[in-house]
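Work through the exercises below with the sequence and the 3D view open. Each task is followed by a stepwise solution.

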Amino acid sequence: MTVLVDTSGLLFALLAPERLSPRARRVLEDRSSALVWSVASTWEVVVKARLGKLDLGGDVASVLGEQILRMGMRILPVEQAHTLRVASLPEVEWHDAQGSPRRHADPFDRLLVAQALAEGLAILTPDDQFDRYPVVRVW
């Protein structure tokens, strides 16, 4: 199985492995799984760290680089076709618990969906917002 690992998936593996689902843990530990890491997720980690919303316990570049290497992930660059694919994604809308309309506007998530669709990848993520798109979510 070739799987695009979402930012949350990698951060759970690194910082809170007990939060991984049994299936996610199996996929991450199975050496026959082909794991992929998007440059978009690297950008998201850097942004969150700079904003003080994420502490990796060390230099972001070093910690992230070591984890990607340890997990044997292939790096997926952001291509022009990926960014253009975002424009064709459906506008996902739902109602929250209070009945207010909400839209899934997270640009990092939408880019990962576009990359997964363009590259034929499943996405390993706990985020059920991905279920609103035509991608296979592994969790």
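## Exercises on a predicted model

α2 (22-29) and α4 (60-71) each give at least two residues to the lining of the largest pocket. The model is predicted. Keep that in mind throughout.

**Exercise 1. List the lining of the largest pocket, then sort it by residue class.**

Step 1. Collect the lining: A13, P17, L20, R25, L28, E29, R31, R70 and M71.

Step 2. Find the main contributor. Helix α2 provides the largest share, 3 residues.

Step 3. Sort by class. The lining has 5 nonpolar residues, 4 charged ones and no polar ones.

Step 4. Add the volume. The largest pocket holds about 160 Å³ of space.

**Exercise 2. Write out the order of secondary structure elements in the protein chain.**

Step 1. Count the elements. The protein chain has 6 helices and 7 strands.

Step 2. Read from the N terminus. The order is β-α-α-β-α-α-β-α-β-β-α-β-β.

Step 3. Put burial beside it. Of the 139 residues in the protein chain, 43% are buried.

**Exercise 3. Find the salt bridges of the whole structure and describe the partners.**

Step 1. Search the whole structure. The result is 2 salt bridges.

Step 2. Take K48 with E44. Their closest N and O atoms are 3.3 Å apart. A salt bridge needs a side-chain nitrogen of Lys or Arg within 4 Å of a carboxyl oxygen of Asp or Glu, so this pair fits the cut-off.

Step 3. Locate the pair. K48 and E44 both sit in helix α3 (residues 39-50). They are 4 residues apart, about one turn of the helix.

Step 4. Classify the pair. E44 has a relative accessible area of 4%, so E44 is buried. K48 is partly exposed because its relative accessibility is 32%.

Step 5. Take R137 with D131. The closest N and O atoms of this salt bridge are 2.7 Å apart.

Step 6. Classify again. R137 comes to 23% relative accessibility and counts as partly exposed. D131 comes to 45% and also counts as partly exposed.

**Exercise 4. Compare two loop serines: is S21 buried or exposed, and is S32 buried or exposed?**

Step 1. Place S21. S21 lies in the loop between α1 (7-15) and α2.

Step 2. Apply the cut-off. Buried means under 20% relative accessible area. S21 has 11%, so S21 is buried.

Step 3. Look for a partner distant in sequence. S21 and P126 are 105 residues apart along the chain, yet their C-alpha atoms are separated by 8.2 Å.

Step 4. Place S32. S32 lies in the loop between α2 and β2 (34-38).

Step 5. Apply the other cut-off. Exposed means over 50%. S32 has a relative accessible area of 56%, so S32 is exposed.

Step 6. Look across from S32. T2 is 30 residues from S32 in sequence, and the C-alpha to C-alpha distance is 9.1 Å.

**Exercise 5. Identify the residues that make the nonpolar surface patch of about 210 Å², and check V78.**

Step 1. Name the members. V39, I75 and V78 make this patch.

Step 2. Place V78. V78 lies in the loop between β3 (74-76) and α5 (80-86).

Step 3. Check its exposure. V78 has a relative accessible area of 34%, so V78 is partly exposed. Patch members need over 30% relative accessible area. V78 therefore passes that cut-off.

Definitions and conventions: Residues numbered from 1 in each chain as written. Predicted model: local features only at pLDDT ≥ 70, side-chain atom pairs only at ≥ 80, totals over all residues. Heavy atoms only, no water. Patch = residues over 30% accessible without salt bridge, like charges linked within 9 Å, V, L, I, M, F, W, Y side chains within 5 Å. Areas by Shrake-Rupley, 256 points an atom, 1.4 Å probe, with all protein chains shown as cover. Buried < 20%, exposed > 50% of the residue type's maximum accessible area, 1.4 Å probe, protein only. 1 Å grid on protein atoms, 1.4 Å probe; cavity = no way out; pocket = protein on both sides within 12 Å on 5 of 7 lines; lining within 4 Å. Points joined across faces, edges and corners; volume = space filled by probe spheres on them. Nonpolar A, V, L, I, M, F, W, Y, C, P; charged D, E, K, R; others polar.
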